[in-house]
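Got your viewer open? Here is a short tour, one selection at a time.

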Amino acid sequence: MDLDLRKLRYFVAVAEELHYGRAAERLHIAQPVLSRQIRSLEDDLGAEVFDRSRRGTRLTPAGRQLLEDAVPLLASAEALLRRVTTAARDTPSLTVGFMPGITVTSATTAFAERHPGVNVRLLRTSWVSQVEVLRDGRADIGVVRLPVDRQGLEVRPLFQEPRVVMLPQGHPLSGRASVTVADLAAEHLLQDPDAVPEWRDVALELRDGPRPEVPVIHQVEEKLELLASGAGICVLPLSTAGFYTRPDVVPVPVRDIGPSEVALAWPATRRSRLVHDFAEAVTETMTATETMGGTETMGGTETMGGTETMGATEEMSAPGDRDGPGASR
């Protein structure tokens, strides 16, 4: 039996919405058509994937297993189509994903010297999309911030960098040279508490009562807008904080917080020589220049290992990049 990818896409939409009406709107098809397609999929599989009752639509055990396997399968199918389309062009290309604040210029320069005929595209990613772009083929290889879901990926650690707390100008702690996690215990964190486990251990809002709601935040700029208005604080990698400088927000070092870990990642199934050679270029250049021990100050701009971290990635955003700067942890 051959699985129909269209039916799988319909299934995933219903599984994520758990509501046929909303899923039909999302897919831009009529609800009766969607229902028939799901029934047809169940006939193909010989198993019911949804439990339909007065209490609503729920996944069956078979449905949960199908959802777990369908999402990466559909992403792989999208990646296949993108790679075939790219391979059909006259000029070979390599798309590199990178997170805000991370400079890959040295690696792309070294790679270009070895492969002058390859068109290197740069795709700025977000915390959410940094792995998605690898799974669905938008990027061939990416420089990511850990932790990430490593399933199906080859991950190579590169370097670590300090993290800082971002505070609004005028905050009682904003004038300090550094703070501890305990100093931040009474603050409201504008990000997932799991992103800052050290803060989670001392946070009063988690210990003493319900945590105030945090709105959905897609980009660092949104987070800093909330922060500047006094809505809370956030913790960012040093290079990201340097990239998003603004006069009403102050970065302050945190003495007892873990570093941000940066790694290289690409689909484990890829056997592309270009991907391998770019990985080698990154390993040779970035691990040599961007280490925690190399932090210095140059012209008033904090740098990592002599690599400027403020504004350095702006010039790398290639025309046509589809993802804007994302919400980094």
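The protein chain has 11 helices and 13 strands; helices (H or I, at least four residues) and strands (E, at least two) are DSSP runs, numbered from the N terminus. Keep in mind that this is a predicted model, where local features need pLDDT of at least 70 and side-chain atom pairs count only at pLDDT 80 or more, while totals for chains, interfaces and linings use all residues. Residues are numbered from 1 along each chain as its sequence is written, and side-chain values use heavy atoms, with hydrogens and water left out.

Start with the whole chain on screen. Of its 329 residues, 48% count as buried. Here buried means under 20% relative accessible area, exposed means over 50%, and partly exposed lies in between (1.4 Å probe, protein chains only). Now think about contacts, meaning heavy atoms within 4.5 Å. Among contacts between residues at least 6 apart in sequence, 70% join residues at least 24 apart.

**Stop 1: helix H3**

Select residues 31-45. That is helix H3, with 15 residues, reaching 21 Å from its first C-alpha to its last, close to the 21 Å expected at 1.5 Å a residue. (The expected span is 1.5 Å times one less than the number of residues.)

Which residues of H3 are buried? Color Leu34, Gln37, Ile38, Leu41 and Glu42. They cover an arc of only 140° around the axis, which puts them on the same side of H3; the arc is that of the directions from the helix axis to the C-beta atoms. Swing round to the face turned away from that buried side, and you meet the exposed residues Pro32, Arg36 and Asp43.

To see what covers the buried residues of H3, show helix H1 (5-17), helix H2 (20-27), strand E1 (50-53) and helix H4 (61-87), which are among the covering elements. Then zoom in on Gln37, which is found in helix H3. At 17% relative accessibility, Gln37 counts as buried. Leaving aside residues up to four places away in sequence, Gln37 touches Arg6, Lys7 and Tyr10. Before you leave, click Gly46, just after H3: this glycine takes a positive phi of about 70°.

**Stop 2: H2 against H3**

Two packed helices are described by the angle between their axes and the distance between the axes. Axes are lines fitted to C-alpha atoms, for helices over the stretch in contact, and angles run from 0 to 180 degrees between N-to-C directions. H2 and H3 pack at an angle of about 105°, with their axes 9 Å apart. That makes H2 roughly perpendicular to H3, a label for angles of 65 to 115 degrees. Show side chains for the contact: Tyr20, Gly21, Ala23, Ala24 and Leu27 come from H2, and Gln31, Leu34, Ser35 and Ile38 from H3.

**Stop 3: the five-stranded sheet**

Next, bring up the open sheet whose five strands run in the order E4-E3-E5-E10-E6, with mixed pairing. Two strands pair if DSSP finds at least two bridges between them. E4 and E6 stand at the edges, each with a single partner strand, so one side of each is left without a neighbour in the sheet. Neighbouring strands here are turned by 20° against each other on average, direction ignored.

Select strand E3, residues 93-98. Six of its six residues are buried, so E3 is largely enclosed by the rest of the structure. Both faces are covered, with Ser93, Thr95 and Gly97 buried on one side and Leu94, Val96 and Phe98 buried on the other.

What joins E3 to strand E4 (residues 119-124)? Six bridges, and the two run parallel. Look for Thr95, whose bridge partner in E4 is Arg121. E3 also pairs in the parallel sense with strand E5 (residues 141-145), over three bridges; there, Phe98 has Val143 as its bridge partner.

**Stop 4: the three-stranded sheet**

Finally, find the open sheet of three strands in the order E8-E7-E9, where the pairing is antiparallel. Strand E8 (234-237) and strand E9 (249-253) stand at the edges, each with a single partner strand, so one side of each is left without a neighbour in the sheet. On average, neighbouring strands of this sheet are turned by 40° against each other, direction ignored. Strand E7 (residues 163-168) and E9 pair over five bridges, and Pro168 has Val249 of E9 as its bridge partner. Add helix H9 (residues 220-228), which packs on the sheet and touches E7, E8 and E9; the direction of H9 makes about 50° with that of E7.

Key: Parallel < 35°, antiparallel > 145°, perpendicular 65-115°, else oblique.
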